[in-house]
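Biologist: Please take a close look at one part of this model, the sheet of the first chain and the helices that pack on it. A connected account would be appreciated.

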Amino acid sequence: MLAIIDYKAGNLTSVRNAFAALGAEATVTRDAATIAAADRLVFPGVGAAASAMANLRALGLETAVRDAVASGKPFLGICLGMQILFEHSEEDGGVDTLGILPGRVRRFPDMPGFKVPEIGWNQVNLQLQTPSEYYFVHSYYAELNPYTVGVTEYAGVKFTAMVKKENLLACQFHPEKSGRVGLELLKAWLAC
Amino acid sequence: MLTKRVIPCLDVRDGRVTKGVKFKHNVDLGDPVEMAVAYSEGGADELVFYDITASAERRPIDIGMVEAVARAVRIPFAVGGGISTLADMERVILAGAEKISVNSLAVKNPEIIREGAAAFGRQCVVLGMDPVRNAKCPCGYEITTRGFREMTGLDAVEWAKRAADLGAGEIVVNSVDADGTRAGFELEITRKIADAVNVPVVASGGAGLPAHLVAAFNEGHADAAIVAGMVHSGDFTIAEIKKELVAANVPTRMSW
């Protein structure tokens, strides 16, 4: 079973639709037992880090998420779902996040000509693959770290567009909204 | 490098895509879902739908259409028209749209921008504005509402700054004077607003040639540009437009 973790961090319709287009019907869940029973997990997220962390805890899902990552099952974080896997975010005046991945999440600096949020298609330089554009919507970015496998640049900053650590794969961009290249990435993940 | 976006706009009337000049002489162009798929596969970076009859008839937007588009395309899309409450916004987002565009509603009730941004994130809330030239306004442009029918007395740049402060994540500047002319975007007001706010600005109204988009990006400082008649008519494909953007050194997404 493919499960999408719903912790009230944004709309999950697009993620579910993208997997459905690949023939994978996903279960959207807020239930720790369902998360434990799933074969692979998607951890999406749109919104702010502090409320995402608060919702995750209020729903009693923090442990379920940690256990799922530790279990070795394929685990895919998307956007805010990637950011809160790191140790700390500058958002909302600073908030400690899950700390499953080393590193911090920072706000883009104010720079003339660079609007924040970054909205649109930016190039991702992926290891072992030709660069492609993926769709980004974000005001905060994860610093580069030893597990970074995809790098993108905006507002003079090179940041983590994709990170991989064992069974954990996470991306800042939205593969579910990145056209054919995004679907191919999800398809490859389903096969891993 | 972040690329400049090319966004086809589909005006929907009674479930069909139509094109009219200043809301008149509407011509049937096709099925919204089929057109969305065709543009998505043709290289569009995003789509925008305006349910033009929903606003005029003061009825809610066609949610079934939004759901069908969300199932059919894998690129972001915005929906406007017929949205009057936070609950309307939520329905559209849950149906699978990334963004909701508010225009006349936000002028009447600016707090809806703050409420929408707080509920769904500012990236979901797009402010659409229809400025018209008026020398009496400090920036030279006044905001109109209800499909250009009503003047508001609002200065366009002041309104854009206020909307960005309230939480609008993006601003679509649709020039009343240029709309439907296919004679080029209104670069002056586009640039004034793009330089005044720190959120992305989308040029709208007047696109007729690929060179018009080059100008919107280079001279209008826009982050994205809306096209309608020039692509709906078949005069240009998205790929043809993008080739000219590349030739003019505009960062453009070319693999799709």
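Modeller: The account below deals with the sheet of chain A and then with the helices packed on it.

This is a predicted model, in which local features need pLDDT of at least 70, side-chain atom pairs count only at pLDDT 80 or more, and totals for chains, interfaces and linings use all residues. Residues are numbered from 1 along each chain as its sequence is written, chains are lettered from A and ligands numbered from 1 in the order in which they are written, and side-chain values use heavy atoms, with hydrogens and water left out.

In chain A, nine strands (DSSP runs of E, at least two residues, numbered from the N terminus) make up an open sheet of mixed pairing, ordered β2-β1-β3-β4-β13-β12-β11-β8-β9. Two strands pair if DSSP finds at least two bridges between them. Because β2 (26-29) and β9 of chain A each have a single partner strand, they stand at the edges, and one side of each lacks a neighbour in the sheet. On average, neighbouring strands are turned by 25° against each other, direction ignored. Strand β1(A), residues 2-5, pairs with β2(A) in the parallel sense over four bridges; I4(A) has V28(A) in β2(A) as its bridge partner.

Two helices (DSSP runs of H or I, at least four residues) pack on this sheet, contact meaning heavy atoms within 4.5 Å. Helix α1(A) touches β1, β2, β3 (40-43) and β4 (75-78) of chain A, and its direction makes about 165° with that of β1(A). Helix α6(A) touches strands including β8, β9, β12 (157-165) and β13 (168-171) of chain A, and its direction makes about 90° with that of β9(A). These axes are lines fitted to C-alpha atoms, for helices over the stretch in contact, with angles from 0 to 180 degrees between N-to-C directions.
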